[in-house]
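Colleague: I am new to this structure and should like to understand the reasoning behind the terms used for it. May I put some questions to you?

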Amino acid sequence: MRHGRLEWLGFVSGALLIALGGCASQTVVFHHLPPETPAADNAADIARMQRLAAAAAQARKEKAQAAGEQAAGAESAPPVTPAEAPPMKTYDPWGRLNRFTYRFNARFDEALFFPVANSYRRLPSPMRAGVHNFFGNIAEIDSVINYTLQGRLGRMVRSLGRFVINSTIGIGGLFDPATPMRLPKAPTGFGTTLAKYGMHPGPYLVIPFYGPSTLRGGIGLAADYGALYVIDPAWIYRGDQSWGLGVLNAVDQRASIDFRYYASGSPFEYETIQFLYVRKLLIEDAGLHRQKRLPQADPNVPAGE
Amino acid sequence: MIQFLFALALAALGLCQAHAEDASIPAPAAPGPATGLADSAALRATVYGTPPQDIAPLPAKVPLLEMDLDLPWRRPIPAVFWFDKRLRVWLSAQEKPAPLAIVISGTGSDGNTAKLATLRAVLYGAGYHVLTMPSPTFPGFIVSTSSTGVAGDLHQDGKDLYAAIGVIIAHLPQQVKITDIDVLGYSLGGANAAIVKSIDAQQHKLNIHRAVMINPPVSLFASVGRLDKLFARTLGNSDAGIERFYQQLYAELANQYRASDRVELDEDFLLGAAASALKTDTQFSAAIALTFRIALMNVFLAGDLYSGAGVVVDPRHPPGVDDSLEEISLTLRTKTFAEYFSRIFAPYYLKRRPGSTVETLVADNRLDVIGDQLRGNGDYYVQTNSDDLILDKAELDWLKTTLGQRIVVYDHGGHLGNLGDRQQVADMLDMLAGRWHGGAQ
């Protein structure tokens with residue numbers, strides 16, 4: 001093992017010790033959070049409300065149009081009925097391990113991941129945007145592969161277009177000129193490909209350092225990473241620099257997620273997140289199979305099984 | 001308890017609309033916009049909050065410091081609450097000496113809600129240091145700060161809040177220079193703020209100047225019955241109603257998602273869907289009742305563990321950190337506030353307060369307990385709405401009589417549905433600065 005990797009290992013294991021051991025006891029601990037920007041946030045909210053209202057009006061128009069076409073004999077997806085909703089109970093046969101991992105993730109986040117990401121958020125925003133765009137652009141390669149596997153060629157072309165435009169005009173992916181060119185980001189991965197081919201989510205799975213997922217999602221993540229590892233775009237997935245870049249990628253991801261473990265203060269947080277995560281996944285699955293009627297939900301089979 | 005408070009009023013509303021013939025529900029006696037009879041608009045305002053275009057002018061930048069405090073009187077922590085060891089509060093400090101505004105959250109909520117963020121921004125913009133705090137019914141407060149673990153008692157919660165504020169102020173960063181202290185709160189937090197000021201009037205440790213109560217309740221436990229009824233009327237007393245409501249929402253979201261062109265169920269989608277997922281007054285009421293019930297679950301579990309009542313957990317074998325809480329949550333979601341009162345709250349406080357009865361416990365949790373101060377001291381203010389769901393007519397009348405010129409009652413907004421709008425903010429700042437000279441009654 002080379003010297004650089006040993007250092008990283010030391011860093012990671014030190015972090016683990018902190019995460020598992022908890023913090024030293026002090027009466028007060030301060031976290032300087034990035035300043036809030038209420039005026040800009042409110043302006044963005046107003047703009048968003050207007051956009052949503054316009055989108056809703058457009059959707060109503062299209063619906064009316066579709067209704068007209070349907071009358072003319074066109075086929076349309078049958079609506080999901082309440083009886084097709086999965087049960088409120090979630091399939092979680094590995095619950096004990098998952099709870100342990102969730103708790104580990106929470107401690108790790110509080111001790112290390114969140115503070116680091118919080119400091120990172122104090123860097124100038126163009127710099128962070130560059131990092132975010134760069135990793136997002138690398139991920140387009142995976143999206144192109146998976147849209148191809150899913151047989152969604154329109155979307156594949158869109159992702160490919162984004163990758164080409166952002167890698168060239170966007171200077172190696174540091175900028176995202178594709179979005180204003182009406183090619184918004186729409187990432188996908190191998191987990192979605194498996195869903196497209198009819199694989200069920202399987203047991204709920206909390207992945208260390210990462211967070212909530214399912215067995216299918218875990219396989220998907222591993223495959224996504226494997227594909228990028230094999231391709232090794234920009235030589236960032238192999239070699240000594242891959243560790244540093246991997247950490248930067250992780251910090252960038254964490255900084256873009258507005259979540260704090262146990263901000264709810266509630267011991268039911270595990271249950272709540274599990275519930276919402278699996279329902280969100282199942283609704284997205286149902287969206288992948290738009291033209292099919294969903295199977296009637298069996299109240300005795302937990303959601304996701 | 002925020003949600004519980006909405007729910008109370010909503011309960012009354014749902015009852016009156018759906019079951020006007022029910023003899024237990026008094027018909028509105030007074031003409032005009034009566035409280036406790038909020039209309040559809042008030043319900044929707046309560047759920048959606050103030051539209052962004054109606055929000056008062058906000059500053060460009062607000063600094064934010066999170067403080068996690070380990071309080072010396074903290075009790076042993078039940079295993080399932082391991083993460084709630086520290087009280088978490090948020091400070092936005094001016095660079096020069098300034099008055100400090102302490103803002104207390106509503107039922108079941110932490111000290112960093114969207115409503116608190118709005119209040120923080122306008123107060124900071126007006127030149128205050130701002131400290132936002134969780135409700136004493138927030139589980140993180142119950143575990144880290146409550147000296148009993150049994151939340152919901154106005155006086156006890158007020159004492160714990162007051163003690164915590166003392167520690168927080170002693171540990172503020174040194175460069176923060178305070179010239180004066182005011183307290184505010186919304187919903188249940190409004191009542192908490194007033195109690196904190198009244199405690200300070202006896203102890204003089206902080207010298208709190210003014211208190212502004214935004215949409216406060218008048219009687220906590222009178223409202224409880226209404227809340228439970230709201231839940232029962234909209235969702236039923238069994239799991240079946242909750243399941244049905246969940247299935248309806250699931251199908252609604254799934255269909256909207258299928259009709260959309262999105263690859264991910266993201267925030268924009270959810271915001272758009274939320275605008276159309278709830279349709280009837282019953283659904284709005286159900287959403288509010290359910291939100292409250294979720295907050296009550298935490299209060300109930302903490303109270304059960306701390307008091308050793310053994311209602312949902314065996315006090316000799318409490319659940320461990322990796323144990324599933326699914327069964328407990330299924331049990332708790334059918335537990336009413338009345339049951340919390342009769343099986344946990346009342347037994348606990350009756351035993352510790354010699355001479356008390358169920359009646360005195362209920363009476364002690366009315367704002368009347370500080371009625372003389374609210375009447376005689378010119379530094380208490382109230383902002384509320386004539387269609388606020390959590391008040392009935394008698395309670396609003398009591399507030400008006402008691403506060404006199406120091407209350408402003410807006411025509412619309414339901415419960416907190418106008419918090420942060422231009423008028424509410426302008427009046428609130430006038431009250432805090434002592435510039436207020438009588439409201440539009």
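Modeller: The following exchange sets the terms against their cut-offs; please bear in mind that the model is predicted.

Colleague: Why is B:Thr113 called partly exposed?

Modeller: B:Thr113 has 18 C-beta neighbours inside 10 Å. A buried residue needs 20 or more, and an exposed one has 12 or fewer. The count of 18 lies in between, and therefore B:Thr113 is classed as partly exposed.

Colleague: Where in chain B is B:Thr113 placed?

Modeller: B:Thr113 belongs to the loop between β3 (98-104) and α3 (114-125) of chain B. From B:Thr113 to B:Met133 there are 20 residues in sequence, and their C-alpha atoms are 9.8 Å apart.

Colleague: How do you know that the radius of gyration of chain B agrees with that of a compact globule?

Modeller: For 441 residues, a compact globule would have a radius of gyration near 22 Å. Chain B has 21 Å, and therefore the two agree. The C-alpha trace of chain B spans about 55 × 55 × 55 Å along its principal axes. Of the 441 residues in chain B, 53% are buried. The chain holds 16 helices and 8 strands. Among its contacts between residues at least 6 apart in sequence, 81% join residues at least 24 apart.

Colleague: What makes the span of helix α4 of chain A close to the expected one?

Modeller: Helix α4 of chain A, residues 125-150, has 26 residues, for which 38 Å is expected at 1.5 Å a residue. From its first C-alpha to its last it reaches 35 Å, which is close to that value.

Colleague: Which elements help to cover the buried residues of α4(A)?

Modeller: The cover includes α5 (153-168), α6 (190-196) and α7 (215-231) of chain A. Among the buried residues of α4(A) are A:Phe134, A:Ile138, A:Val144 and A:Tyr147. After the helix comes A:Gly151, with a positive phi near 75 degrees.

Colleague: How do you know that strand β1 of chain A and strand β1 of chain B pair?

Modeller: Pairing requires at least two bridges. Strand β1 of chain A (residues 28-36) and strand β1 of chain B (residues 62-69) have 7 bridges, in the antiparallel sense, and therefore count as paired. One of the residues involved, A:Leu33, has B:Leu64 in β1(B) as its bridge partner.

Colleague: What makes β1(B) and strand β2 of chain B a pair as well?

Modeller: The cut-off is again at least two bridges. Here 5 bridges join β1(B) to β2(B), residues 87-92, and therefore these antiparallel strands also pair. B:Asp68 stands opposite B:Arg88 in β2(B).

Definitions and conventions: Residues numbered from 1 in each chain as written. Chains lettered and ligands numbered in written order. Predicted model: local features only at pLDDT ≥ 70, side-chain atom pairs only at ≥ 80, totals over all residues. Helix = DSSP H or I, 4+ residues; strand = E, 2+ residues; numbered from the N terminus. Rg over C-alpha atoms; globule rule 2.2 N^0.38 Å. Contact = placed C-beta atoms within 7 Å. Expected span 1.5 Å × (residues − 1).
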